[in-house]
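My notebook is open and the viewer is running. I'll jot down what I look up, one topic at a time.

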Amino acid sequence: MKQRKNKEVSSQDLCQLVVKGMIEKKGQDVAILDLRQVKNAIADYFVICSGTSDTQIDAIADSVEFEVHKAIAEDPWHKEGKENREWILIDYVDVVAHVFKKDRRQYYDIEELWGDAQRTFIEETAA
């Protein structure tokens with residue numbers, strides 16, 4: 001059974017650390033999907049952003065991991081997509097970060113798949 005090591009940090013606080021990592025490397029269209037009220041949801045939050053190049057989405061993913069580890073010494077439970085750099089997923093159990101290349105985000109449209117979730121869009125000036 002998957003679970004986070006650092007249970008003292010709420011999933012909401014972890015979500016904000018993920019957002020900070022995304023904004024730090026100029027992730028675009030950052031969106032938080034609050035899945036806590038969605039039946040059979042696999043996490044509390046999905047945090048999604050887009051990047052414009054392989055290099056940028058790689059940098060965003062690294063920044064997310066750096067910010068979370070720096071603040072709470074938590075490593076991802078699972079991650080994938082670093083090789084092809086079109087959709088990098090970083091799974092912190094309660095919070096899952098999705099870093100997309102812009103066209104891949106439109107193609108997979110996970111915001112629509114989880115349409116029951118409450119959505120929050122982060123202003124790009126929040127950085």
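**Aromatic rings.** I started with the rings, and Trp87, Phe100, Tyr107 and Tyr108 turn out to form one aromatic cluster. This is a predicted model, so I'm reading computed positions here. Over the whole structure, my search gave four aromatic pairs. I picked out Trp87 and Tyr108, whose ring centres sit 4.7 Å apart with 50 degrees between the planes, a tilted pair. Where along the chain do these two come from? Trp87 belongs to strand β4 (residues 87–91) and Tyr108 to helix α3 (residues 102–108), so the pair links distant parts of the chain, 21 residues apart, by the way helices and strands are assigned. Are the two rings buried or exposed? Neither label fits, because Trp87 has a relative accessible area of 23% and Tyr108 has 35%, and partly exposed covers what lies between 20% and 50%.

I also checked for charges over rings. Arg104 lies over the face of Tyr107, 4.8 Å from the ring centre.

**Nonpolar cores.** Next I looked at the inside. The largest nonpolar core has 26 residues. Which residues have the most contacts inside it? They are Val18, Met22, Val30 and Val47. I listed the elements that give this core two or more residues: α1 (11–24), β1 (28–34), β2 (45–51), α2, β4 and β5 (95–101). The largest share comes from α1, with seven residues. My textbook note fits in here: in soluble globular proteins, nonpolar side chains tend to be buried together.

I zoomed in on Val30. Leaving out residues up to four places away in sequence, Val30 touches Val19, Met22, Ile23, Val47, Ile48, Cys49, Thr120, Phe121 and Ile122. There is also a second, separate core of 11 residues, which includes Leu33, Val96, Phe100 and Ile110.

**Helix α1.** I went back to α1 for a closer look. It has 14 residues and reaches 20 Å from its first C-alpha to its last, close to the 20 Å expected at 1.5 Å a residue. Which of its residues are buried? I noted Ser11, Leu14, Cys15, Leu17, Val18, Val19, Gly21, Met22 and Ile23. These buried residues pack against β1, β2, α2 and β5. A helix reminder for myself: with 3.6 residues a turn, residues three or four places apart point the same way. Just after α1, Lys26 takes a positive phi of about 60 degrees.

**Salt bridges.** Last topic: charges. The count comes to 11 salt bridges. In one of them, Arg36 meets Asp34, with the closest N and O atoms 2.6 Å apart. Arg36 is partly exposed at 41% relative accessibility, whereas Asp34 is buried at 13%.

I then found Glu65 bridged to Lys79, the closest N and O atoms being 3.0 Å apart. This pair links distant parts of the chain, with Glu65 in helix α2 (residues 54–72) and Lys79 in strand β3 (residues 78–80), 14 residues apart. Why does Glu65 count as buried? Its relative accessible area is 18%, and buried means under 20%. Lys79 is partly exposed, at 41%.

Arg119 and Glu112 also meet in a salt bridge, 3.8 Å from N to O. Arg119 counts as partly exposed at 32% relative accessibility. My final note is on shared partners: salt bridges join Asp58, Asp62, Lys82 and Arg85 into one network.

Definitions and conventions: Residues numbered from 1 in each chain as written. Predicted model: local features only at pLDDT ≥ 70, side-chain atom pairs only at ≥ 80, totals over all residues. Heavy atoms only, no water. Salt bridge = Lys/Arg side-chain N within 4 Å of Asp/Glu carboxyl O. Buried < 20%, exposed > 50% of the residue type's maximum accessible area, 1.4 Å probe, protein only. Helix = DSSP H or I, 4+ residues; strand = E, 2+ residues; numbered from the N terminus. Phe/Tyr/Trp six-rings, centres within 6.5 Å; stacked < 30°, edge-to-face > 60°. Lys NZ or Arg CZ within 6 Å of the ring centre and 35° of its normal. Core = buried A, V, L, I, M, F, W, Y, C linked by side-chain atoms within 4.5 Å. Contact = heavy atoms within 4.5 Å. Expected span 1.5 Å × (residues − 1).
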